Amino acid sequence: MDSDLFSRRRAERFAQLLDEANGGRRHHVRSPADDELAALVAVSRRLTADRPDVEVDTEFRTGLRAMLVATAEREGVTAAAKTGVRGSLLPAMTGRRARARGAILVGVAAGAIALSGISAASENAVPGDALYGMKRSTERAQLALASSDISRGQLFLDFARTRLDEAATVRDDRLGFSAVLDDMDADTRQGVRLLTTVAAQRSDPAALDAVDTFLGGQRRAVSGLLDRSDHADRDRTRRSLALLDAAGRRADALREAIACGLPAPAASDALGPAPTTCPGDR
């Protein structure tokens, strides 16, 4: 999910999907964002069907209220309340736009609540468990609420660590093992790409520290999977190790490029900016 999730068009589509999920009339349209929004719709339905028995501390409640009030004021909800308008938020606001803005608040609240209690119940779920879908939905909510590319990059690397832990629990299922490593590698690429892009754009290697820390522990843990007796599984594990090695080379190359004052690379791939060699190294 990207920062455009709460744009008006996506918010309106989110409101439509919520209506349909709750038995409302079907809208015979499709949106490119439907697959992304389906995760938040699923979170909202699970929150409604199975309310978590959690105690929210006062600081979290106060912060969430402040965030929702600020969103309401920015979107014109408070202005409508102060002028005594009933039946619609503002004279120029259609019912659909009103529901769309309500959907924004629902999405923010659903994401915040998911992070507070439901994630605790599903954090140990593994592929095949009933709560595994909730666990992945919670991760997507975390990404949607992240405040910067650095935060999102670090989250993706955290998720890659989580996928590695899951891989160890499904080692007797070849297809499941390979699928989890596929997800782990995808999270690794996303996290490395975001962090290397920030480093290149800012000409600051600080964002690469998180990459280096991740790679050190992840290489050791992935290497521990090589003791499998199955040849195909060892080959699949080596592909993940090769990706980690490539990410390490990319981070090292970017550090060198930044140190010698090269401009931000124009070329990019799945691991982010691809720097050229410093003049003295040619």
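The residues that line the largest cavity divide into 8 nonpolar, 1 polar and no charged, where Ala, Val, Leu, Ile, Met, Phe, Trp, Tyr, Cys and Pro count as nonpolar, Asp, Glu, Lys and Arg as charged, and the others, Gly among them, as polar. This is a predicted model, in which local features need pLDDT of at least 70 and side-chain atom pairs count only at pLDDT 80 or more, while totals for chains, interfaces and linings use all residues. Residues are numbered from 1 along each chain as its sequence is written, and side-chain values use heavy atoms, with hydrogens and water left out.

The lining of the largest cavity is made up of A200, S203, L254, A257, I258, L262, P263, A264 and P265, and α10 gives the most to it, with 3 residues. The volume of this cavity is about 60 Å³, and the structure holds 3 cavities of 30 Å³ or more. A cavity here is a set of points, on a 1 Å grid over the protein atoms alone, where a 1.4 Å probe fits but cannot get out, and lining residues have an atom within 4 Å of a point. Grid points are joined across faces, edges and corners, and a volume is the space filled by probe spheres set on the points.

As for the overall fold, the protein has 10 helices and 2 strands, arranged along the sequence as α-α-α-α-α-α-α-α-α-α-β-β; helices (H or I, at least four residues) and strands (E, at least two) are DSSP runs, numbered from the N terminus. Of the 282 residues in the protein, 39% are buried, with buried meaning under 20% relative accessible area, exposed over 50% and partly exposed in between (1.4 Å probe, protein chains only). Among contacts with a separation of 6 or more, 63% come from residues 24 or more positions apart, a contact being heavy atoms within 4.5 Å.

Helix α6 (residues 132-145) has 14 residues, which at 1.5 Å a residue should span 20 Å, and its end C-alpha atoms are 20 Å apart, in agreement; the expected span is 1.5 Å times one less than the number of residues. Because 10 of its 14 residues are buried, α6 is largely enclosed by the rest of the structure. The buried residues of α6 include K135, R136 and E139.

Four residues from helices α7 and α10 are set side by side below.

| Residue | Helix | Relative accessible area | State |
|---|---|---|---|
| S240 | α10 (residues 231-259) | 1% | buried |
| R250 | α10 | 14% | buried |
| D165 | α7 (residues 149-169) | 56% | exposed |
| S151 | α7 | 23% | partly exposed |

In α10, the side chain of S240 makes a polar contact of 3.1 Å with the side chain of R236, where a polar contact is a pair of N or O atoms within 3.5 Å; within protein, one must be able to donate a hydrogen and the other to accept it, and residues adjacent in sequence count only if both atoms are side-chain atoms. Not counting residues up to four places away in sequence, S240 touches L181, M184, D185 and V222. The side chains of R250 and D269 are joined by a polar contact of 2.8 Å, and, leaving aside neighbours within four places in sequence, the contacts of R250 include T196, D269 and L271.

In α7, D165 lies 8.9 Å from A221, C-alpha to C-alpha, with their positions 56 residues apart in sequence. S151 and L195 are 44 residues apart in sequence and 9.0 Å apart in space, again C-alpha to C-alpha.

Conventions. On a 1 Å grid over the protein atoms alone, a cavity is a set of points where a 1.4 Å probe fits but cannot get out, and a pocket is an open set with protein on both sides within 12 Å along at least five of seven lines; lining residues have an atom within 4 Å of a point.
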